[in-house]
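Colleague: I would like to go through this model step by step. Please show it first, and then I will ask about its sheets, helices and surface.

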Amino acid sequence: YSPVYDLVEGASKVVGYPILAVGFYLSYRAVHARLAASRETQRALREQENRFRALFEDAPVGYHETDLDGRILRANEATAEILARPVRALTGARVTPLVRNGSHPADRSPVLDGAGYWQRRLTVVRPDGAERTVESHESAIHDPEGRVEGVRTAWIDITERVQMEHEIHLRAHYDEVTGLPNRATALDRLEAAAAQARRDGTRIGLFFLDLDRFKKINDSLGHQAGDRMLAAIGRRIDNLLRPVDTLARLGGDEFVAVIPAFDSGAHLETIAQRILSALSEPVRLGQYEVSVSASIGITAFPDDGDDSETLFRNADAAMYMAKESGGSTFCFYTEAMNRAAERRLLLEMDLRTAVERQSLVLNYQPLLVLDSGELIGAEALLR
């Protein structure tokens with residue numbers, strides 16, 4: 001053997017084994033570090049998955065995913081609560097039969113046509129027939145190649161909000177006692193009808209109704225009985241009109257009816273007579289049967305006015321003349337009525353001013369017996 005070889009071999013025995021051990025140790029540490037990093041990553045992924053699962057399950061918003069056939073792949077408890085169905089019953093079910101006023105986004109939604117995001121309002125139906133209104137937010141689910149493979153949807157239950165909006169709308173546009181349109185709505189519909197009449201060259205009838213001696217019912221039977229009376233009268237009159245006509249309560253015991261595109265004056269007269277006949281039938285209020293009549297003033301567009309304010313004023317003048325005639329009748333507006341109404345208004349203004357200025361003087365006109373000249377009384381005159 002060579003002495004050099006013996007030297008190297010001896011050195012390898014002394015130095016080589018420790019180096020090899022260090023190499024194994026470093027390799028072990030690297031593998032251990034990679035395993036530890038892998039376990040840490042897996043633990044982080046599990047934690048993240050648990051967080052997302054908790055968010056999915058416990059979210060107050062209904063969340064579900066569907067395939068392209070509209071079948072539910074997964075849904076959370078909020079979706080099940082909105083639909084009043086268990087989650088297990090929803091998995092695999094199609095959404096479209098559960099929606100009353102629209103198809104599911106998988107049924108040719110803009111989401112599938114490239115919109116990416118779509119928002120709309122839907123009404124969903126529960127097994128007992130009850131309905132809930134939801135605000136639906138929909139977006140497409142893509143596979144790794146970018147192809148649409150489904151739809152993810154979030155439902156926000158807005159039933160209470162919609163009901164509140166509906167109540168606010170009713171209070172703003174409808175009378176609380178009768179359920180009929182109120183003054184503002186009547187004016188809107190009259191103006192809309194007038195715009196249509198100008199285009200078509202047709203005419204509009206306007207009825208102004210005031211109940212005769214209605215105050216006695218309120219005073220004797222109470223306001224609740226009076227309200228029931230108004231509601232019953234409103235239903236009776238409304239049943240006599242066409243779907244295109246509008247009956248509204250202005251307030252108190254006053255009603256107005258808008259009759260677009262009427263045939264002739266005889267047509268309006270027939271409607272007025274039917275209303276008076278219907279009101280002649282008594283209304284039962286508890287143990288009482290109460291009858292009421294009405295005074296009706298009638299104007300026509302554009303004959304008696306080209307705007308709603310003029311038509312209302314002239315219809316009111318015609319109604320006043322009907323009431324002056326004893327009530328339970330109707331009058332068509334004439335120009336003479338307008339002049340009489342102006343004189344009446346001026347007189348009321350003068351009287352009010354006279355009271356404020358203390359300009360009224362009391363005079364007594366003696367009443368005498370002509371044969372004997374005996375004073376038997378006096379007439380009191382306020383001038």
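Modeller: Here it is; keep in mind that this is a predicted model.

Colleague: Which strands are the edge strands of the sheet with the order 2-1-5-4-3?

Modeller: This open sheet has five strands, and their pairing is antiparallel. An edge strand pairs on one side only. That applies to strand 2 (72–75) and strand 3 (117–125).

Colleague: Which residue stands opposite Glu65?

Modeller: Strand 1 covers residues 62–67 and pairs with strand 2 in the antiparallel sense over three bridges. The residue opposite Glu65 belongs to strand 2, and it is Arg74.

Colleague: At about what angle does helix 5 run to strand 4?

Modeller: Helix 5 (residues 159–173) lies across strand 3, strand 4 (131–142) and strand 5 (148–157). Taken against strand 4, the direction of helix 5 makes an angle of about 130°.

Colleague: Now the sheet with the order 7-8-6-11-12. Why is one side of strand 7 and of strand 12 left without a neighbour in the sheet?

Modeller: The sheet is open, with five strands and mixed pairing. Strand 7 (246–251) and strand 12 (329–332) stand at its edges, so one side of each has no neighbour in the sheet. The reason is that each has a single partner strand.

Colleague: By how much are neighbouring strands of this sheet turned against each other on average?

Modeller: One neighbouring pair is strand 7 and strand 8 (residues 254–260), which are antiparallel over five bridges. In that pair, Leu247 stands opposite Ala257 of strand 8. Averaged over neighbouring strands of the sheet, with direction ignored, the turn is 20°.

Colleague: Which strands does helix 8 touch?

Modeller: Helix 8 packs on this sheet, and its direction makes about 155° with that of strand 7. The strands touched are strand 6, strand 7 and strand 8.

Colleague: How far apart are the axes of helix 8 and helix 9?

Modeller: Two packed helices are described by an angle and a distance between their axes. For helix 8 (residues 223–240) and helix 9 (residues 265–280) the angle is about 145°. The contact involves Ile233, Arg236, Ile237 and Leu240 of helix 8 with Arg274, Ile275, Ala278 and Leu279 of helix 9. The distance between the axes is 10 Å.

Colleague: How many residues apart in sequence are the parts that Asp210 and Lys323 tie together?

Modeller: Side chains of opposite charge can pair when their charged atoms come close. Asp210 and Lys323 form a salt bridge, with 2.8 Å from N to O. Asp210 is in strand 6 (residues 204–212) and Lys323 is in helix 10 (residues 308–324), so the pair ties together parts whose separation in sequence is 113 residues.

Colleague: Which residue in the turn between strand 13 and strand 14 has a positive phi?

Modeller: Strand 13 and strand 14 (residues 375–382) pair in the antiparallel sense over seven bridges. They form a hairpin with six residues between them. The phi in question is about 80°, and the residue is Gly373.

Colleague: Which element gives the largest share of the nonpolar patch?

Modeller: The patch covers about 710 Å² of surface and is made by Leu347, Leu351, Val355, Leu360, Leu362, Tyr364 and Leu382. Two elements give two or more residues each, namely strand 13 (362–368) and helix 11 (335–356). The largest share is three residues, and it comes from helix 11.

How values were computed:
Residues numbered from 1 in each chain as written. Predicted model: local features only at pLDDT ≥ 70, side-chain atom pairs only at ≥ 80, totals over all residues. Heavy atoms only, no water. Patch = residues over 30% accessible without salt bridge, like charges linked within 9 Å, V, L, I, M, F, W, Y side chains within 5 Å. Areas by Shrake-Rupley, 256 points an atom, 1.4 Å probe, with all protein chains shown as cover. Salt bridge = Lys/Arg side-chain N within 4 Å of Asp/Glu carboxyl O. Helix = DSSP H or I, 4+ residues; strand = E, 2+ residues; numbered from the N terminus. Pairing = 2+ DSSP bridges. Contact = heavy atoms within 4.5 Å. Axes fitted to C-alpha atoms, helices over the stretch in contact; angles between N-to-C directions.
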